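Hi everyone, thanks for coming. I'd like to take a few minutes to walk you through a structure, so get comfortable and have a look at the screen.

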Amino acid sequence: TRNYNMAMAHQGLASIPGRINAHININLNAIPALWKSATRYSSSWSKIPQGPEDPILGVTLAYRDDPNPKKINLGVGAYRNNEGKPLVLKVVRHAEKVIFQKELDMEYLPVIGDKSFIKNAVKLAYQGPNGLADIDMKHFAGIQTLSGTGACRMALELFSRFMDKPPVYVPNPTWANHTNIIKDSRCEAKTYRYYDAKTCLLDFKGMMEDISEMPNHSIILLHACAHNPTGVDPSPHQWDELSALMKKKNHIPFFDMAYQGFTSGDCDKDAYAVRKFKKDGHHIALAQSFSKNFGLYSHRVGCLSLTTGSQEETNAVESQLKILARPMYSNPPIFGVRVVNEILSDPKQEKLWRVELKDMAERIIDMRKGLQSALEKLGSTKNWGHITKQHGMFCYSGLTPEQVDKLRYEHSVYLTRNGRISMAGVTPLNMDYLAHAIHAVTK
């Protein structure tokens, strides 16, 4: 080897390719072609860039990798019990047993989904106090969807195809996925004022001004209850005013209702806005999710319904919804809707479900009260009253991105950088630690 290297050096660099070729018997002139061929063969997807991590899912991944035993995950929007564990409702377990005992088949559902489920979903939203005495489905076009996300997507695809890709106005802020769905449906996302960062409450005056200035017949996305991410909702009186203004402007209300019953513990109270708008004669698009209020997160149970003027209109809308769904996912899943149907079709089981739902909502309310009290006892000079004035799963804390970063890196408390706290992640076991951490980063 030594003699070979010395000879190579003596002959000069120009002779290196030939000498190497002589010793290892490779045609160096063929290497560029070989490399080009290999690259072409192995990089069919090379033009696909790395995408950004979903902010909420990214929080969960970072939480899982943290070895701190005191770590807290306040990012995921899924209910946890007082021990911080996922909860399957007792009434859901009972429904599962009943379904298994029936030994039902696993045939495809129709593209439209389970019609009895769609009617049950519409009844839950519209029938009852301040609502309809009975449901006539000839005035409701509906389709079973892949939870609330799927319901929003189906609605936007319908708007895009038959309303010439219209702008859709969303509250600022709104659930981040709303904007993704709107853009992917080839519509334009625009915003209206909603949240007042100074008070951490509703900017109703700004909201009304923006909606009054929109072009007539605009599509306006509204959170029916438990606004995500802020937890800030209009009062019943404010919903009344909003309905009157939107009726005057002939706007189209597009409600996203992911938390019915989870906000106050009362399904009828949480449906006030939807029922009021129906009573006032609006033609409504309604996206419903059954993930939170039934705890059926992985079963993707949802419904999109639109109020119509006639049976003919209902038939036409449903025909187009089926045309949209067929190439997208073909048929919806069956087991989750069987669980919901089993509960909502049995008055006794529905009553038990409402009790368990109220228990979940009240635990969240208690955690709000406890966290506010704990912060005040620590001597925090910041006003934390918005924690209990907001509603539902989330609290828009008012924490800055920098403060959120400090919570993560100094205290192992994980939430999204907009300061949204999932109150379901707060428990009696971690409340004091959380309060001390928040107090430390907000002094």
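I'll go through a helix pair, some backbone details, the empty spaces and one alanine.

Please keep in mind throughout that this is a predicted model.

Let's start with helix H9, which covers residues 204-213. Which of its residues are buried? They are Phe204, Gly206, Met207, Met208, Asp210 and Ile211. The cover over these buried residues includes three strands, S4 (188-193), S6 (201-202) and S7 (219-223), along with helix H10 (236-249).

Now for that helix neighbour. Two packed helices are described by the angle between their axes and the distance between the axes. For H9 and H10, the axes come within 10 Å and cross at roughly 10°. An angle under 35 degrees counts as roughly parallel, so that is what H9 is with respect to H10. If you want to find the contact on your own screen, look on the H9 side for Phe204, Met207, Met208, Ile211 and Ser212. They meet Gln238, Glu241, Leu242, Leu245, Met246 and Lys249 of H10. Sorted by class, this contact has seven nonpolar, two polar and two charged residues.

Next, the backbone, where I picked out four spots in loops. Two of them are cis peptide bonds. One joins Asn172 and Pro173, with omega at about 5°, and Pro173 sits in the loop between strand S3 (167-172) and helix H8 (176-184). Another joins Asn228 and Pro229, with an omega of about 25°; here the proline belongs to the loop between S7 and H10.

The other two spots have positive phi values without being glycines. His217 has a phi near 70° and lies in the loop between H9 and S7. Is His217 buried or exposed? Neither, really: its relative accessible area is 45%, and since exposed means over 50% and buried under 20%, it counts as partly exposed. Arg300, with a phi of about 55°, is in the loop between helix H13 (291-294) and strand S10. Arg300 is partly exposed too, at 32% relative accessibility.

On to the empty spaces. Rolling a probe the size of a water molecule over the atoms shows where empty space is left. I'll show you the second largest pocket, which has a volume of about 490 Å³. It is lined by 22 residues, and those nearest its centre are Met163, Ile252, His283, Leu306 and Thr307. Which elements give two or more residues to that lining? They are helix H7 (147-162), strand S8 (252-257), strand S10 (301-307) and helix H14 (311-325). H14 gives the most, with four residues. By class, the lining of this pocket divides into 11 nonpolar, nine polar and two charged residues.

There is also one cavity of 30 Å³ or more, with a volume of about 30 Å³. Around this cavity you'll find Leu124, Met257, Gln260, Gln288, Ser289, Phe290 and Asn293. Three of these lining residues are nonpolar, four are polar and none is charged.

Last stop: Ala62, in helix H4 (residues 55-65). Ala62 is partly exposed, with a relative accessible area of 23%. What does Ala62 contact, leaving aside its neighbours within four places in sequence? The partners are Arg408 and Tyr414. As for Cys200, it is 138 residues from Ala62 in sequence and 27 Å away in space, C-alpha to C-alpha.

That's my tour, and I'm happy to take questions.

How values were computed: Residues are numbered from 1 along each chain as its sequence is written. This is a predicted model: local features need pLDDT of at least 70, side-chain atom pairs count only at pLDDT 80 or more; totals for chains, interfaces and linings use all residues. Side-chain values use heavy atoms; hydrogens and water are left out. Buried means under 20% relative accessible area, exposed over 50%, partly exposed in between (1.4 Å probe, protein chains only). Contact means heavy atoms within 4.5 Å. On a 1 Å grid over the protein atoms alone, a cavity is a set of points where a 1.4 Å probe fits but cannot get out, and a pocket is an open set with protein on both sides within 12 Å along at least five of seven lines; lining residues have an atom within 4 Å of a point. Grid points are joined across faces, edges and corners, and a volume is the space filled by probe spheres set on the points. Ala, Val, Leu, Ile, Met, Phe, Trp, Tyr, Cys and Pro count as nonpolar, Asp, Glu, Lys and Arg as charged, and the others, Gly among them, as polar. Axes are lines fitted to C-alpha atoms, for helices over the stretch in contact, and angles run from 0 to 180 degrees between N-to-C directions. Angles under 35 degrees count as roughly parallel, over 145 as roughly antiparallel, 65 to 115 as roughly perpendicular and the rest as oblique.
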